[in-house]
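Work through the exercises below with the coordinates open. Each task is followed by a solution in steps.

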Amino acid sequence: MAEDGGVAHPQAGAGDLAHHHIITDHHKDEPKHVEEDVYPISPRRNTTTPNPFSRRNTSLDLDDYFSGPRDINKHSKWPLFMQMHGSILPKMIIPLFVVACWASLITAIHKNVPGVNLGISSILLTITGFVVGLGLSFRSSTAYERYAEGRRYWGQLILTSQGLGRIFWIHSVERPEFAKKDLLAKLTAMNLVVAFAVSLKHKIRFEPYTYYDDIVDLIDHLDTFAKSATNEQSVRPKPGLFKAVGENLGLSFAQSNPRKLMKRTNSPLGNLPLEILCYLTAYIDDLVANGQLPVGMQQTAAYNALQALNDVMVNTERVLNTPLPIAYAIAIAQITWLYVFLLPFQLLPDLDWITIPATVAAAYIILGLFFIGHEIENPFGNDVNDLPLDLFCHQIVDDMETISARPKARLSEYVENPRNKVLYPHSETSYTVWAQRPEAAIRHALRNRPHANYDRLGTARGDRYNAK
């Protein structure tokens, strides 16, 4: 994929120009040929993909079952209860194995050691089960509330980014004497909108530096604290095999402190999304000062959009830094595991050796709800069921490219177009035909249009009634 977002072109020598034709589909019967100059594209650094925002291939690797976020663009034809991609089961392998060993040990002692009876009354199962159910319900509801709130703020970010892109590209006036300069400034500002989203993604994932492929080229021309700290950072952490496997299996002792990189820095990291907002504010100030946003409402919309981006940044950090109080989290975890470990004692009198698979099945149900609540409590991470922030950033890139793909549309281009059916579906007549008729004829057709729609709907209702 080429860096300009289009089709990859052959490399040319320095100063050489290649030529190609772009066919516009403005009129299918009369295609226009626009000849443009294509300059050589500089090669990218060695990255896993030529475009850091491109979608990954659709095949599933083993690691996809353990780490995420899950690619929602992928489709599976398996029944939902048989799907593994996105299931919590991979992270329950070790806990279920431990429960199976525990149940096997209790059952073996109960059956093989003379004079030992480990079975207890099932009344404890009923009493403690009610408490565990309340705790898991509370855990799940609070976790999903945080998940939904995080998705809401990223939806607001996408909406605001689209609005800013339209303000920069459509409302901002290009001065005739600085047309090319203003055009490049617009593209720079729209890239800053993308950079804000990407930097916010890294910030709420506790990734404070700028050496990531999707951010380094977007802010390389900016003077930021994060860039300075990255230049001073000589060692980039790489997780070892044991730590990577342990994190994929959900082992707590193998998981690192997510804020470790931020604590080890030797220089201030700043706040990269906020610094990018400052650059965007400076650009809008210049637009207003130069008279490039002549309408007051456009200026108000631009500044309101900046405030909305700031609001998104603050509230996503609030969701991230306000987890379930640790007392609740510890208590729910303790009573859940205590209940699971007491299950074999209560199932032994009635099930004997069946206690082992029964305990594992019950533990899967109980621990499954517990682990899901734990996983989605922080919706911005890299777990399988976390929000697909990379996909959201890719959507903003696509939106910016879509907005800037064409110059500002002129009214005559689409209103006076001969394929414009202004009274469709009441009339198939084109704009050029209606333009030749008197105004009274147009207004007469408009007055008759509601009656025509009513008659058509009335005929359809009559046909359905007669069919009955």
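**Exercise 1: the surroundings of serine 161**

Leaving aside neighbours within four places in sequence, serine 161 is in contact with Val193, Leu309, Ile396 and Met400. The model is a predicted one.

Task: Place serine 161 in its helix, decide whether serine 161 is buried or exposed, and find the backbone oxygen that lies 2.7 Å from a polar atom of its side chain.

Solution:
1. Serine 161 belongs to helix 2, which covers residues 123-171.
2. The relative accessibility of serine 161 is 1%. Buried means under 20%, so serine 161 counts as buried.
3. The backbone oxygen in question is that of leucine 157, at 2.7 Å from a polar side-chain atom of serine 161.

**Exercise 2: helix 1 and helix 9**

Task: Describe the crossing of helix 1 (residues 93-112) with helix 9 (residues 326-351), and sort the residues of the contact by class.

Solution:
1. The two axes come within 10 Å and cross at roughly 30°.
2. The crossing of helix 1 and helix 9 is right-handed.
3. Helix 1 contributes Pro95, Val98, Val99, Trp102, Ala103, Ile106, Thr107 and His110; helix 9 contributes Trp337, Val340, Phe341, Pro344, Phe345 and Leu348.
4. Sorting these gives twelve nonpolar residues, two polar and no charged.

**Exercise 3: the whole chain**

Task: What percentage of the 468 residues of the protein chain count as buried, and how many helices and strands does the protein chain have?

Solution:
1. The buried portion is 35% of the 468 residues.
2. The protein chain has 14 helices and two strands.

Technical notes. Residues are numbered from 1 along each chain as its sequence is written. This is a predicted model: local features need pLDDT of at least 70, side-chain atom pairs count only at pLDDT 80 or more; totals for chains, interfaces and linings use all residues. Side-chain values use heavy atoms; hydrogens and water are left out. Helices (H or I, at least four residues) and strands (E, at least two) are DSSP runs, numbered from the N terminus. Buried means under 20% relative accessible area, exposed over 50%, partly exposed in between (1.4 Å probe, protein chains only). A polar contact is a pair of N or O atoms within 3.5 Å; within protein, one must be able to donate a hydrogen and the other to accept it, and residues adjacent in sequence count only if both atoms are side-chain atoms. Contact means heavy atoms within 4.5 Å. Axes are lines fitted to C-alpha atoms, for helices over the stretch in contact, and angles run from 0 to 180 degrees between N-to-C directions. A crossing is left-handed if the near helix is turned anticlockwise from the far one by less than a right angle, and right-handed if clockwise. Ala, Val, Leu, Ile, Met, Phe, Trp, Tyr, Cys and Pro count as nonpolar, Asp, Glu, Lys and Arg as charged, and the others, Gly among them, as polar.
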